[in-house]
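Visitor: Please show me the model. I would like to ask about its strands and its charged pairs.

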Amino acid sequence: MKKSKAVVLGAAVVLSVGIAGCSADQEPSSTGTSVAPTTAASSPAASDYANLLIKPSDIDSDWTLKTSKAEQNGITGVYGNGAGTEKISTAVIVRDNPTTATAAVTAAKNDVAQKAGAAFTPIDIGVDGGILNGSDGTSVVMFAEGRAFAIIEFNSKTGEHVPAEVAFAIAAKQDAAIKNGVK
């Protein structure tokens, strides 16, 4: 049961990123990973999104960025601790305007909450910020900031939730990176 909840939350986050990457007149892709193209005037090149990821030192001194992938409308990153017992996955997606970013995060939160069978608790980070703690130790934070929104998923092999103050501190650093990087 615990493993299936983690798979559901992880799959929901991937699906939400795919859904959020679609414009209002597009259907989500079946893979959940494609994102809608934007014009050059409204969005920088994919390589310009690297500055939107938090630095591993923003998490803790023994964390590293394991992988990152530039997307057309954002970037994803996976961080791991030195012991290999914890993982943080992030996605920052840039939209055309703040209204569509907020709508996308709201839709993503609803989708993840439905799949996880749990509710998001509001948090004071970004716009429409919230945290959901799954029954398996997975925690998900989502929020919008300006034209972008972020999804941060915390996973632990021990099944323990990330302490709320740690999740909020990391989310606040992600929020600051978005504020500094998305104009």
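**Strands and salt bridges**

Guide: Asp 128 has 30% relative accessibility, so it counts as partly exposed (buried is under 20% relative accessible area, exposed over 50%, partly exposed in between; 1.4 Å probe, protein chains only). This is a predicted model, in which local features need pLDDT of at least 70, side-chain atom pairs count only at pLDDT 80 or more, and totals for chains, interfaces and linings use all residues. Residues are numbered from 1 along each chain as its sequence is written, and side-chain values use heavy atoms, with hydrogens and water left out.

Visitor: With which residue does Asp 128 form a salt bridge?

Guide: A salt bridge is a side-chain nitrogen of Lys or Arg within 4 Å of a carboxyl oxygen of Asp or Glu. For Asp 128 the closest N and O atoms are 3.0 Å apart, and the partner is Lys 109. This pair links distant parts of the chain, 19 residues apart: Asp 128 in strand β5 and Lys 109 in helix α3 (helices are DSSP runs of H or I, at least four residues; strands of E, at least two; both numbered from the N terminus). At 11% relative accessibility, the buried partner is Lys 109.

Visitor: Is Asp 175 buried or exposed?

Guide: Asp 175 forms a salt bridge with Lys 179, at 3.6 Å between the closest N and O atoms. Lys 179 is partly exposed, at 46% relative accessible area. Asp 175 has 7% relative accessibility, so it counts as buried.

Visitor: How many bridges join β5 to strand β6?

Guide: Two strands pair if DSSP finds at least two bridges between them. β5 and β6 run antiparallel, and Val 127 stands opposite Ala 144 in β6. The number of bridges joining β5 to β6 is five.
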